[in-house]
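This report is written for someone meeting the structure for the first time. Please look over the sequence and the model before reading on.

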Amino acid sequence: MSQQDQRVAVITGATSGIGLAAARLLASQNHKVFIGARNADNVAATVKELQNEGLDVDGTTLDVRSADSVHAFVQAAVDRFGTIDVLVNNAGRSGGGVTADIDDELWHDVIDTNLNSVFRMTREVLNTGGMRHKNRGRIINIASTAGKQGVVLGAPYSASKHGVVGFTKALGNELAPTGITVNAVCPGYVETPMAQRVRQGYASAYDTSEDAILQKFQSKIPLGRYSTPEEVAGLVGYLASDTAASITSQALNVCGGLGNF
Ligand SMILES: NC(=O)c1ccc[n+]([C@@H]2O[C@H](COP(=O)([O-])OP(=O)(O)OC[C@H]3O[C@@H](n4cnc5c(N)ncnc54)[C@H](OP(=O)(O)O)[C@@H]3O)[C@@H](O)[C@H]2O)c1
């Protein structure tokens, strides 16, 4: 593919972890990549870091919980790079606890950040981003193995990710005749800042050390270790490629065997 044929990808939450690895990979696979996250300094630093690697990357602030922010972000991406070919809905947060003690604010924020955002971003990219008028497109939602099985002390998170998987399957079937594929990538445990926060939360809930939680989680994974952000990004890169044209409405795990379904 020539420079001219570069495709445009937008990635939410691409200043850290899985989103950052996906931005780097897609940019190295001949995409112009537009990234967003809430912290403006982190967005600027990430853009600079990736540009210094010779990659075609730009970005701006984005809060996926705000319809206005989502609109402005997608418009900025189109103004900068042109209409959008690939959307990676990656931004997300952890969150849970003893369900009887969860307040409305936490519940709504987890659902808004992880699930409502996926609908909001997708609709905006189909319309403002111009994807619905193309005969090829890729929508890739970063869900979780927690979107297929229940996670103890993670009811809002698990509910939000099951919602993402359901949305993916319905939209994938709806858009199948158009050449736009819609898939979910379901990571298990991936070593990122979020994973560290999750271990802190469980250590506190079970009154033990973070290292004990790490051992406990690792022992549940057949491979015996966390996946890396780059391993998750690898599937994103494949799903964005032409070879993946016949894969749609799927929820595919990258989890060292943790999820067997
Ligand atoms: N790590 C794991 O073990 C694991 C497992 C399964 C699934 N996942 C999923 O993978 C995705 C990425 O997780 P990660 O582990 O890479 O997390 P991370 O390292 O915490 O990175 C999260 C990214 O999302 C951004 N973000 C958070 N809230 C946002 C909002 N409201 N609007 C826009 N951007 C927002 C963050 O930047 P700002 O804070 O500056 O906004 C950051 O760039 C999430 O959807 C997560 O649920 C992770």
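The text below takes up two helices, the ligand surroundings, two linked residues, the cysteines and some backbone angles. The model is predicted.

**Helix α2**

Helix α2 covers residues 40-52. Its 13 residues should span 18 Å at 1.5 Å a residue, and the end C-alpha atoms are 18 Å apart, so the expected and computed spans agree. V43, T46, V47 and L50 are the buried residues of α2. Viewed down the helix axis, these buried residues fall within an arc of 100 degrees, and therefore line one face of α2. An α-helix has 3.6 residues a turn, so residues three or four places apart point the same way. On the face of α2 turned away from the buried side are the exposed residues D41, K48 and N52. The cover over the buried residues of α2 includes α1 (17-28), β2 (31-37) and β3 (57-61).

Both ends of α2 have a feature to note. At the N-terminal end, N39 acts as a cap, with a side-chain oxygen 3.0 Å from the backbone nitrogen of D41. Just after α2 comes G54, which has a positive phi of about 85 degrees.

**Helix α3**

Helix α3 runs over residues 67-81. For its 15 residues, 1.5 Å a residue leads to an expected span of 21 Å, and the end C-alpha atoms are 21 Å apart, in agreement. The buried residues in α3 are S69, V70, F73, V74, A77, V78 and F81. Seen down the axis of α3, they fall within an arc of 165 degrees, so the buried residues line one face of the helix. D68 and D79 are exposed residues on the face of α3 turned away from its buried side. The packing partners of the buried residues of α3 are β1 (7-12), β2, β3 and α4 (104-127). After α3 comes G82, with a positive phi near 105 degrees.

**Around the ligand**

Which residues come nearest to the ligand? Of the 29 residues around the ligand, they are T15, S16, N90, Y157 and T192. The table lists some polar contacts with the ligand.

| Residue | Atom of the residue | Atom of the ligand | Distance |
|---|---|---|---|
| D63 | side-chain N or O | nitrogen | 3.0 Å |
| V190 | backbone N or O | oxygen | 2.9 Å |
| T192 | polar side-chain atom | oxygen | 2.5 Å |

T192 thus appears both in the table and among the residues that come nearest to the ligand.

**N183 and I247**

N183 is in strand β6 (residues 180-187). Is N183 buried or exposed? N183 is buried, because its relative accessible area is 1%, and the cut-off for buried is under 20%. The side chain of N183 reaches two backbone nitrogens: that of S249 at 3.3 Å and that of Q250 at 3.0 Å. Leaving out residues up to four places away in sequence, N183 touches I139, I140, N141, T168, L239, I247, T248, S249 and Q250.

I247, one of the residues touched by N183, lies in the loop between α8 (229-240) and β7 (251-254). With a relative accessibility of 22%, I247 counts as partly exposed. Residues up to four places away in sequence again left out, I247 touches T181, N183, Y238, L239 and L252. I247 and I84 are 163 residues apart along the chain, and their C-alpha atoms are separated by 19 Å.

**Cysteines**

How many disulfides does the structure hold? The structure holds zero disulfides. The closest cysteine sulfur to that of C186 is in C255, 8.7 Å away, which is too far for a bond; a disulfide needs the two sulfur atoms within 2.5 Å. C186 is buried, with a relative accessible area of 0%. C255 also counts as buried, at 7% relative accessibility.

**Positive phi outside glycine**

Most residues other than glycine have a negative phi. N30 has a positive phi, near 65 degrees. N30 is placed in the loop between α1 and β2, and is buried at 18% relative accessible area. D207 is not a glycine either, and its phi is positive at about 50 degrees. D207 sits in the loop between α6 (193-205) and α7 (210-220). At 73% relative accessibility, D207 counts as exposed, whereas N30 is buried.

Note on methods. Residues numbered from 1 in each chain as written. Predicted model: local features only at pLDDT ≥ 70, side-chain atom pairs only at ≥ 80, totals over all residues. Heavy atoms only, no water. Buried < 20%, exposed > 50% of the residue type's maximum accessible area, 1.4 Å probe, protein only. Helix = DSSP H or I, 4+ residues; strand = E, 2+ residues; numbered from the N terminus. Expected span 1.5 Å × (residues − 1). Arc of directions from axis to C-beta. Contact = heavy atoms within 4.5 Å. Polar contact = N/O pair within 3.5 Å; in protein donor to acceptor, adjacent residues only side chain to side chain. Near = heavy atom within 4 Å.
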